[in-house]
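Trainee: I should like to learn how to read the features of a model such as this one. Could we begin by looking at it together?

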Amino acid sequence: MEGRVQFDLLQVLLRDYKLRSYTLNAVSFHFLQEQKEDVQHSIITDLQNGNEQTRRRLAVYCLKDLMCVINYMEMARVTGVPLTYLLSRGQQIKVVSQLLRQVLQSSHCHAGFSSLYPSIMMAHNLCYTTLLQRGSAEKLGLSSEDFIKTPTGDMFVKSSVRKGLLPEILENLLSARKRAKTELKKETDPFKKQVLDGRQLALKISANSVYGFTGAQVGKLPCLEISQSVTGFGRQMIEKTKQLVESKYTIANGYEADAKVIYGDTDSVMVKLGVATVREAMDIGREAAEWVSSHFTQPIKLEFEKVYFPYLLINKKRYAGLYFSSSADTHDKMDCKGIETVRRDNCPLVANLINTCLQKILIDRDPQGAVDHAKEVISDLLCNRIDISQLVITKELTRTAQEYAGKQAHVELAERMRKRDAGSAPNLGDRVPYVIIKAAKGAAAYMKSEDPIYVLENNIPIDTQYYLDQQLAKPLLRIFEPILGETKAESILLKGDHTRCKTVLTSKVGGLMAFAQKRSTCIGCKAVLKTDVAVCDFCKKKESNFTRRRFST
DNA sequence: CGCTTGACCTAG
DNA sequence: TGAGCTAGGTCAAGCG
């Protein structure tokens, strides 16, 4: 349609939000805190013609739509691609578009580091247009002052010889981000703040994508000399940062303790300073960041970001801690990275229990309370007192059944559901919700996965022992072992009376509604249809002829 | 039972 | 056709 843009909110949601489920019910519950039965396009008219309350609800709904449109418009403006590309295409097209524009505009003829990779590319002028072929430095008569050699041995001319296109593009993206961040600071409306935060984050991702673009071997313009030089510089810089910090902040130099870099990932270092208070850590952190920055080329900047206190480091890319940054007196949040609480492939029972235990340990400083709570939940689980919605695991169907090498719970279930009712079975790209049911001893998990709604409708017993042994046990031990010790953690949490209770109880349907995909059957031709279609795809009968089915079976 | 591989999802 | 990147943890399946 000439002059009109189609903007599908489902695509926006899939791109911008990591949810456990993307059914209309789940999404409306997540954003509006209410489940809307039978929401159809026609309801919009009713809301408009209703009272103040219903119009308000409609307005809130529209506002959310509008704000994401604004963000996408900003992105389209900065990158120079049509709005629809932002939903229908990937990151490469954005970089290509900016490259073409930059070529036309310029005179070319043919505590963590903030935005580390982009600033490396800017600082060292890394670009297609500044790369020197092997041996061409001599041919062109360049002096050693005119170019640099990267950690991979590749050579690039300095900006004094020729300024690269990529560094210019990155400057544009990052200055747009800076604008968004300044506006964010001034803004008081919490909703608009969220929008501006989304914008600055999107611009950051676009800036980081420039590095990804140069390394995309199946892409438009790969240049491994650039991408590998960038990561090489990055590793070198983290190592240098560690050496700088550990050499200056020592007892010998008059500090309270010898500083130790205990963790770092790609563009950040975590330093144990050995001071007693958050305030002291912040002060030293700020000073150290500035001092380290002075050892690097512009615009590379190491920024003090936060203090964690206490800090539970489980593994690389997995940790939790109380996050202090705006104030030394009160923590901003409990920050969890990589652990079960933030992973969508865990059931809510695990995520919630780990989260509560961490709160009790880190915030309340009450490990005993955490242990007691965990034991209680385990006992509830084994006695069937946990609602089935807490036991639903979801995993994405990332490929077709034939493409999978081995058997997996969600894949096998999707196939079984297809045999029951092809219309309502999960498709490629869908997230498959499932629970693990009781079966013959020794049966593999992929044989015991079942559709939660089917389980409720047919009163099938859940394998609660599976949830204890395969879902809860290890995550619990991982957070309790550092506190209780290996042997104690296991004997206290996983043995004892609370693991022996076994009774039978029924489950409620309520919590499962979010996973229900509503379907209708057409009276005319018996076809199975989504409830939100107005006319049967097959016999063209109108919606009034559909019989609604609450659950697909 | 221990090891490898494949799959998923996250950190950055 | 068109698809940003790499690193890494965890788990289940599958093998010897």
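Mentor: A polar contact is a pair of N or O atoms within 3.5 Å; within protein, one must be able to donate a hydrogen and the other to accept it, and residues adjacent in sequence count only if both atoms are side-chain atoms. The model is predicted, so to speak of local features requires pLDDT of at least 70 and side-chain atom pairs count only at pLDDT 80 or more, whereas totals for chains, interfaces and linings use all residues. Residues are numbered from 1 along each chain as its sequence is written, chains are lettered from A and ligands numbered from 1 in the order in which they are written, and side-chain values use heavy atoms, with hydrogens and water left out.Trainee: Which side chain has an N or O atom 3.1 Å from a base nitrogen of DNA strand B?

Mentor: That side chain belongs to Lys 317. Phosphate oxygens of DNA strand B are also approached: one is 2.4 Å from an N or O atom in the side chain of Thr 398, and one is 2.6 Å from such an atom of Tyr 404.

Trainee: How many residues surround DNA strand B?

Mentor: A residue is near a strand if one of its heavy atoms lies within 4 Å of it. Here 21 residues surround DNA strand B, and Asp 267, Tyr 319, Thr 398, Tyr 404 and Ala 405 are the closest. Of the DNA strand B atoms within 4 Å of the protein, 91% belong to sugar or phosphate.

Trainee: How are the strands of a sheet read?

Mentor: Strands of a sheet pair through backbone hydrogen bonds, either parallel or antiparallel. Strands are DSSP runs (E, at least two residues), numbered from the N terminus, and two of them pair if DSSP finds at least two bridges between them. In this model three strands form an open sheet in the order 2-4-3, with antiparallel pairing. Strand 2 (131-132) and strand 3 (147-149) are the edge strands, each pairing on one side only. Three bridges join strand 3 to strand 4 (residues 155-157), and Lys 149 stands opposite Met 155 in strand 4.

Methods:
Residues are numbered from 1 along each chain as its sequence is written. Chains are lettered from A and ligands numbered from 1 in the order in which they are written. Side-chain values use heavy atoms; hydrogens and water are left out. Helices (H or I, at least four residues) and strands (E, at least two) are DSSP runs, numbered from the N terminus.
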